[in-house]
Amino acid sequence: MLRESNLIQATLKDLLAQVPGQNKRQLLRGLSAQGLRDLTAREVNRALYANVGVFTHDGATPPRWRLADPGAAGVTGSSGGFPLPRSYAGLEPRQWQREALSQWQAQGHRGVVEAVTGTGKTTVGVLAAAAAVDSEMSVLVLVPGQELLDQWHEVLQRDIPGWAVGRLGGGHRDSLVTHRILVSTVQSALNCPPLPVGTSALLVADEVHRYGAEGFARALAPGFVARLGLTATYERMDNGKVQFLEPYFGDMVASCSYERGLTDEILAPFRVAFLGARFTDEEKQAYEELNRIAKSTRQRLIAAHGCPSEPFGEFMKAVTDLNENAYGAAMIDARRYLNAFSKRRRMLADSPGKFEALLRVSPILAACGRGLVFGETTHCAEQSTDLLNALHVPAASITSEVPTEERKLRLSMFKAGQLRVLAAPRVLDEGIDVPQADVGVILGASRSRRQMIQRMGRVIRPKFDRRPATFIVVYIEGSTEDPEQGAHEDFLEEMTEVAREEPTIFPHGTSAAELLAWYREV
């Protein structure tokens, strides 16, 4: 086995020395041509990722590989060069986590680590915090909300037990004057006093993409000598990344993609299906009229009122500003666009066709261990719950209107198997520690790759029996959600590279029995 592994590594080195920039499938063909047949893409990936001193990649989808040092023969894989901090008492870090921290250190303790939900980005932040306190530095962990405040506080107390961990926000008023390690919500950090004079400190920003908004960016204080951003997807739909995040944190220094997570068996293998639904004739007519208004008004806002066409987030910011501060034609057009955009989005989110599709998916949710249903609105979550309970599939909603203690109870019941399904709008996208699920159903498909990846991460955590996860995206045919109309192009490309099989598209009219049969084909 060791001999074969060494032969694969040596052959990969030869192939990349001859032609740098090859992806796994090209390398697989090259290995086969060299007599190493019957290998899988997973085995090729494992050889590449296990030898970080030899091979490196460009972070593309799929990654294109080259030799880390074309002149270095006989280099073996390493642990990434990051020593375990003395203060750290958590689980042994994964290989990718050590590599990420080593690369972050090499960039002067500045940068962003991007890791798919479920691969352990929090541990990267905890390890960085432990190394900082070992060096007599203070640590501020910045989080976007109350749930993450409590989660980080609990994890830091457990994994860095020698230090008291403070909290700022949610009724807590600790500070870096009284605590070496502080977890703060971004809202509370905006009013946080500056670092004590002479304090050397690390800032860990969880869900770092959130701080590209102008208001939240003010929490990124200049006094921190070390800066680490953590995110599932380092992207925004506006210019906030370029304007605020990159000048403060620097570039992305490391990542753990789906491909890496699957290769290292951190994530479960998975399948993706798209299930078509339809508007009624009346809905379709109303949707097309809203579409016409939105498109024509958008063109006018760009041509006549100076709104930027791209990125979409900057266009929306400009339109919102016109709506709030302009007069006359500019204000009328802005208001007209926002009204059409909002109604069109709500039609897609709460269409009865989506719930009819959920009815067809319900046998899968009844057969799986646990399932998650993602919508865009509270109404969608509550309707989904009512429908499933009426079919004797125990379900509950998790929305922003549910009190915190009740949320915790429902999550506990879900973990214990007393609830089969949780239905939620965006509240589950970030910040809530959700027990392992087998099936994810999206009723409100997002145009954001980041949101889709976060939702995937709730479902593709490894299963104890190594079974694959299932992800079903419900879309309205002929709408902006339809993959045949170019929807989810980036997401589909990424999934095609790493899913067990190419995504399956089920048209409207596919029966519940056909869907269940597909689900059971494992």
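Two strands count as paired here if DSSP finds at least two bridges between them, and with that in mind I would like to begin in the middle of a sheet. What you have in front of you is a predicted model, so please hear everything that follows as a description of that model.

Strand 15, residues 439–442, runs parallel to strand 16, and four bridges join the two. Strand 16 also has a partner in strand 11, residues 270–277, again running parallel, and here eight bridges make the connection. If you look for I472 in strand 16, you will find that A273 stands opposite I472, while V441 has I472 as its bridge partner as well.

How many of the eight residues of strand 16 are buried? Eight of the eight, across residues 469–476, are buried, so the strand is largely enclosed by the rest of the structure. The side chains divide between two directions, with A469, F471, V473 and Y475 pointing one way and T470, I472, V474 and I476 pointing the other, and the residues of both sets are buried.

V441 brings me to the packing. In general, nonpolar side chains in soluble globular proteins tend to be buried together. The largest nonpolar core in this model has 52 residues, and V441 is listed with Y337, L365, V373 and L388 as having the most contacts inside it. Helix 13, residues 328–350, supplies the largest share of this core, namely eight residues. Taking L388 as an example, and leaving aside its neighbours within four places in sequence, we find it in contact with L358, S362, L365, V373, V393, A395 and V421. There is also a second, separate core, made up of 38 residues and including A100, A115, A128 and L228.

Let me turn to the charged side chains, where a search of the whole structure finds 19 salt bridges. One of them joins K121 and E207, with the closest N and O atoms 3.5 Å apart. This pair links distant parts of the chain, since K121 sits in helix 5, residues 121–134, and E207 in the loop between strand 8 and helix 8, 86 residues apart. Are these two residues buried or exposed? Both K121 and E207 are buried.

A second salt bridge is formed by the side chains of R298 and E310, at 3.9 Å from N to O. R298 lies in helix 11 and E310 in the loop between helix 11 and helix 12, so this pair ties together parts that are 12 residues apart in sequence. E310 is exposed, with a relative accessible area of 56%, where exposed means over 50%.

Within helix 16, residues 404–416, R410 and E406 lie four residues apart, about one turn of the helix, and their side chains meet in a salt bridge at 2.9 Å, N to O. E406 counts as partly exposed, at 29% relative accessibility.

Elsewhere, E99, R260 and D264 are joined into one network by salt bridges that share partners. E99 is placed in helix 4, residues 95–106, and is buried, with a relative accessible area of 6%. The side chain of E99 also makes a polar contact with the side chain of R260, at 3.1 Å.

Finally, a word on confidence. The mean pLDDT of the chain is 87, and 89% of its residues reach 70 or more. Over residues 70–79, however, the pLDDT is below 50, although this stretch has 18 contacts in the model beyond near neighbours in sequence.

Technical notes:
Residues numbered from 1 in each chain as written. Predicted model: local features only at pLDDT ≥ 70, side-chain atom pairs only at ≥ 80, totals over all residues. Heavy atoms only, no water. Buried < 20%, exposed > 50% of the residue type's maximum accessible area, 1.4 Å probe, protein only. Core = buried A, V, L, I, M, F, W, Y, C linked by side-chain atoms within 4.5 Å. Contact = heavy atoms within 4.5 Å. Salt bridge = Lys/Arg side-chain N within 4 Å of Asp/Glu carboxyl O. pLDDT = per-residue confidence, 0-100. Polar contact = N/O pair within 3.5 Å; in protein donor to acceptor, adjacent residues only side chain to side chain.
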